[in-house]
Amino acid sequence: MDVHEHRVQPVDWQLHCADLAAAGASMLDMLTAVDDPDAGRIEVLAHLVDVDAGQRHLVWTAVDRTVAELASLVEVYPGASWHEREVHEMFGVTFVGNPDLRPLLTTGEVGFPLRRTTALPARVATTWPGGTEPSDRPAPGRVAARPRSRPGPPGIPAQWQP
């Protein structure tokens, strides 16, 4: 299958996807997002498929993290409703025109779990398996040497560490 990438402005998101649907890309396979706090944006990605022509389309756009709004694709792809609910819950992107953005998995009290700046209690409370090495444990009958300092789990800022 051929893969075509389309980078569009947020204002063109819905119209571009509608044009692809009219041209035969009638299946929404996936809609997700990627948080980029350093750039101050959240990139939203839709994977659309034209089964008859054997073509796949990756449609990208980026929204500002502070005002994360994008036009809903529900009118074009009714199955987008669930995907948009998930992206809204996990990343905080509001899909204007989606009638049902209720959380699917969380109570909404944690914030947006997949934003890289959200501190999740489970990440801090869970012991990271890479925190100790077998060589740090003393052999039976020997006194343990002072262990080397270990960095925390990857992706967890130092201020989240206990």
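These numbered points walk through a predicted model, from its sheet to its helices, core and charged pairs.

1. **The sheet.** Start with the strands. Four of them form an open sheet, in the order β1-β4-β3-β2. The pairing is mixed. β1 (2-7) and β2 stand at the edges. Each has a single partner strand, so one side of each has no neighbour in the sheet. From one strand to the next, the twist averages 20°.

2. **The β3 and β4 pair.** Look next at β3 and β4. These strands run antiparallel and are joined by 10 bridges. One position to find on screen is D50, which stands opposite Q55 in β4.

3. **The β2 and β3 hairpin.** β2 and β3 also pair in the antiparallel sense, over 9 bridges. L31 has A46 in β3 as its bridge partner. The two strands form a hairpin, with 4 residues between them. G40 sits in the turn and has a positive phi of about 75°.

4. **Helix α1.** This helix packs on the sheet. α1 touches β1, β2, β3 and β4. Its direction makes about 175° with that of β4.

5. **Helix α2: placement and length.** α2 lies across β2 and β3. Its direction is at about 10° to β2. Does the length fit or clash with the expected span, and what are the numbers? At 1.5 Å a residue, the 12 residues of α2 should span 16 Å. The end C-alpha atoms are 16 Å apart, which agrees. Just after α2, G92 takes a positive phi of about 85°.

6. **Helix α2: buried or exposed?** In α2, 9 of the 12 residues are buried, so the helix is largely enclosed by the rest of the structure. The buried residues are A80, H83, E84, R85, V87, H88, E89, M90 and F91. Note that charged names such as E84 and R85 are on this list. The cover over the buried residues includes β2, β3 and β6 (94-96).

7. **The nonpolar core.** In soluble globular proteins, nonpolar side chains tend to be buried together. Here the largest nonpolar core has 24 residues. Which members touch the most others? They are W13, L31, V44, L48, Y77 and V93. Several elements each supply at least two residues of this core: α1 (13-22), β2 (27-36), β3 (41-50), β4 (55-64) and α2 (80-91).

8. **V93 up close.** V93 is a good residue to click on. Set aside its neighbours within four places in sequence. V93 is then in contact with I42, V44, V63, A68, L70, V87 and H88. Among these, V44 is also one of the core residues that touch the most other members.

9. **Salt bridges: the total and one network.** A search of the whole structure finds 6 salt bridges. R7, D36, R41 and E43 are linked in a network of them. Within it, R7 forms a salt bridge with E43, and the closest N and O atoms are 3.9 Å apart. R7 lies in strand β1 and E43 in strand β3, so the pair ties together parts that are 36 residues apart in sequence. E43 also forms a salt bridge with R41, with the closest N and O atoms 3.2 Å apart.

10. **How open are these charged residues?** R7 is exposed, because its relative accessible area is 58% and the cut-off for exposed is over 50%. R41 has a relative accessible area of 31%, so it is partly exposed. E43 is at 15% relative accessibility and therefore counts as buried, since buried means under 20%.

11. **Another charged pair.** The side chains of R102 and D100 meet in a salt bridge, at 2.7 Å from N to O. D100 is at 21% relative accessibility, so it counts as partly exposed.

12. **A loop residue.** Where does T66 lie? T66 is in the loop between β4 and β5 (69-71). With a relative accessible area of 71%, T66 is exposed. T66 and I42 are 24 residues apart in sequence. In space, their C-alpha atoms are 9.6 Å apart.

Conventions. Residues numbered from 1 in each chain as written. Predicted model: local features only at pLDDT ≥ 70, side-chain atom pairs only at ≥ 80, totals over all residues. Heavy atoms only, no water. Core = buried A, V, L, I, M, F, W, Y, C linked by side-chain atoms within 4.5 Å. Buried < 20%, exposed > 50% of the residue type's maximum accessible area, 1.4 Å probe, protein only. Contact = heavy atoms within 4.5 Å. Pairing = 2+ DSSP bridges. Axes fitted to C-alpha atoms, helices over the stretch in contact; angles between N-to-C directions. Expected span 1.5 Å × (residues − 1). Salt bridge = Lys/Arg side-chain N within 4 Å of Asp/Glu carboxyl O.
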